[in-house]
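Trainee: Please choose one part of this model and look at it closely with me. I would like a single connected account, with each term explained as it comes up.

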Amino acid sequence: MIDFRVEPELQVKLDWMKTFVREECETMDLLFPYPGAPYDIKNKKSRRILKPLQDQVKAQGLWACHLGPDLGGPGHGQVTLALMNEIIGRSHWAPTVFGTAAPDTGNAEILAMFGTKEQKAKYLQPLMDGDIVSCFSMTEPQAGADPGEFKCRAYREGDEWVIDGHKWFSSNARLAAFLIVMVVTNPENPPASRMSMFIVPAETPGIKFIRHVQLMGDSLDQDDGVHAYIHYDKVRLPLDAMLGGPGEGFKVAQARLGGGRVHHAMRTVGQCQRALDMMLERAVSRRTKGKLLAEHQFVQGMIADSIVELEQFRLLVLKTAWIIDNEPHGAARPYIAMCKIQLAKIFHDITQRAIHLHGSLGCTPETPLASMWFGAPVLAMADGPTDVHRAQLAKTYLKKAKPAAGIFPSDHIPTRRAAAQARYAKELAS
Ligand SMILES: Cc1cc2nc3c(=O)[nH]c(=O)nc-3n(C[C@H](O)[C@H](O)[C@H](O)COP(=O)(O)OP(=O)(O)OC[C@H]3O[C@@H](n4cnc5c(N)ncnc54)[C@H](O)[C@@H]3O)c2cc1C
């Protein structure tokens, strides 16, 4: 049975969220637009406005909606989260206001699953309360996200682990209370079991920032960005700093990235909807050659293509969410890959058309469209390049494919027709 209706009580919540995101979270976007602003817990001005907003979200029972009841969340399924994240996705600040900002969400999951009692007490609760932020440090400058090429390693020395090496693009590292770092501990193993995961308190000696990298499109009046290039210079940790077992780093990383990717896709639906809403408003506001843009057929074509592509993508995301909720663990993997592959393309195409309809204004930073458009290549790269997911998806389907029995494909019409004629030879003869 397929049912696309939304429960009335949920609809009330979604309507509240829509108004709240527009009026409050987008206000934060305007007041504190610089990169990393939502994570900057030392900025007293933004925190002064943020806290009461987070309290309103908590009072509505909408705080950290991705968490299950065991972690103090409401335990919504992914379909409900898809509808909520679509609204949250419209604003840069909204994930922080709603307690669903990456990478803190995934890091909280890792800590909950693999942390010691002390680590949970020190980091998990404050992270879930929004009082601290965290960093996930995996990518390396020479290796991208391929564990087979990682060089940053950890080795045992007495009762300590020592981390030695470099990491690249560790977002929010300089703002984080702790970093979750994936390093080589078992170099002799195949890629999937070479790595282990560690929790590294930010104040640990030996964490050296080489620089903080900016993203294209970041405001140029900022000195630096929020994506850290780090040298872990013989960083010493107690033995219980390892999360999961030796060689289980990849497994731990997978546990966190699956949920994160689908939530990115959900929020991208919201961003695309925002661009589409802007296109529609522009089309009925602006006149040229004696008529509204909306009356020009090329404009209608751009709008129609955007509506169809967005609806297809929204349905893919909802189906993926439904599979996560209803099918055995792992069944959604190919669908999560489909979402990851498609999201950057859809986002690019729709924001590109929206910019085009806004003319010269669209090419300036005076609307959100330019910074959205810069985000498309970023979406194709963060959480692993699209190519990796395309290859993985194709391989999943190819594994199930069987070679044709003869020299022609099994759908070869002359071969099948000959078989059909042979089957009904008697009936066809008279
Ligand atoms: C905004 C942003 C935030 C990020 N935050 C973090 C973070 O917090 N922590 C962290 O650890 N990392 C983070 N990253 C890094 C991200 O995980 C990497 O960018 C990504 O995994 C790719 O690595 P790379 O940038 O070195 O690209 P490369 O590995 O050099 O890839 C470049 C291109 O090579 C091709 N390619 C690479 N690998 C394959 C493959 N397996 N199969 C086929 N083609 C391939 C693709 O065309 C790809 O686009 C972030 C990245 C961005 C853009």
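Mentor: The C-alpha centres of domain 2 and domain 3 lie 31 Å apart, and their contact takes four residues from domain 2 and four residues from domain 3, two residues being in contact if their C-beta atoms, placed from the backbone, lie within 7 Å. On the side of domain 2 that touches domain 3, three residues are nonpolar, one is polar and none is charged; here Ala, Val, Leu, Ile, Met, Phe, Trp, Tyr, Cys and Pro count as nonpolar, Asp, Glu, Lys and Arg as charged, and the others, Gly among them, as polar. This is a predicted model, in which local features need pLDDT of at least 70 and side-chain atom pairs count only at pLDDT 80 or more, while totals for chains, interfaces and linings use all residues. Residues are numbered from 1 along each chain as its sequence is written. The domain assignment divides the chain into domain 1 (8-101), domain 2 (134-247) and domain 3 (255-400), with bounds that come from an automatic or database domain assignment.

The ligand is the natural next stop, since the shell around the ligand draws at least three residues from each of domain 2 and domain 3. A residue is near the ligand if its C-beta atom, placed from the backbone, lies within 6 Å of it. Of the 21 residues around the ligand, Met 138, Gly 144, Ala 145, Ser 171 and Pro 385 come nearest. By class, this shell has 12 nonpolar, seven polar and two charged residues. Strand S1 (134-137), strand S3 (160-171), helix H11 (369-381) and helix H12 (386-400) each supply at least two of its residues; helices (H or I, at least four residues) and strands (E, at least two) are DSSP runs, numbered from the N terminus.

On the domain 3 side, Asp 383 sits in the loop between H11 and H12, and its phi is near 65°, a positive value in a residue other than glycine. Most residues other than glycine have a negative phi, and most peptide bonds are trans. Asp 383 is buried because 20 other C-beta atoms lie within 10 Å, the cut-offs being 20 or more such neighbours for buried, 12 or fewer for exposed, and partly exposed in between, with C-beta atoms placed from the backbone. Thr 386, which is found in helix H12, is partly exposed, with 19 other C-beta atoms within 10 Å. Leaving aside neighbours within four places in sequence, Thr 386 is in contact with Lys 340, Ile 341, Ala 344 and Ala 380. The C-alpha atoms of Thr 386 and Ile 87, 299 residues apart along the chain, are separated by 24 Å. Ile 87 itself is one of the buried residues of helix H3, a helix that covers residues 78-88 and has 10 of its 11 residues buried.

On the domain 2 side, strand S1 leads into the sheet, where four bridges join S1 to S4 in a parallel run; strands pair if DSSP finds at least two bridges between them. Within this pairing, Phe 178 in S4 is the bridge partner of Ser 134. S4 also pairs with strand S5 (residues 195-201), in the antiparallel sense and over seven bridges, and in S5 the partner of Val 184 is Met 195. Strand S4 (residues 178-184) is largely enclosed by the rest of the structure, because seven of its seven residues are buried. Both of its faces are covered, with Phe 178, Ile 180, Met 182 and Val 184 buried on one side and Leu 179, Val 181 and Val 183 on the other.

From S4 the path continues into the largest nonpolar core, a set of buried Ala, Val, Leu, Ile, Met, Phe, Trp, Tyr and Cys residues joined through C-beta atoms within 7 Å. Of its 105 residues, Ile 163, Val 181, Val 183, Phe 198, Val 200 and Leu 243 touch the most other members. Helix H9 (residues 333-357) gives this core its largest share, 13 residues. Not counting residues up to four places away in sequence, Val 183 touches Cys 152, Arg 153, Ala 154, Ile 163, Gly 165, Met 195, Ser 196 and Phe 198.
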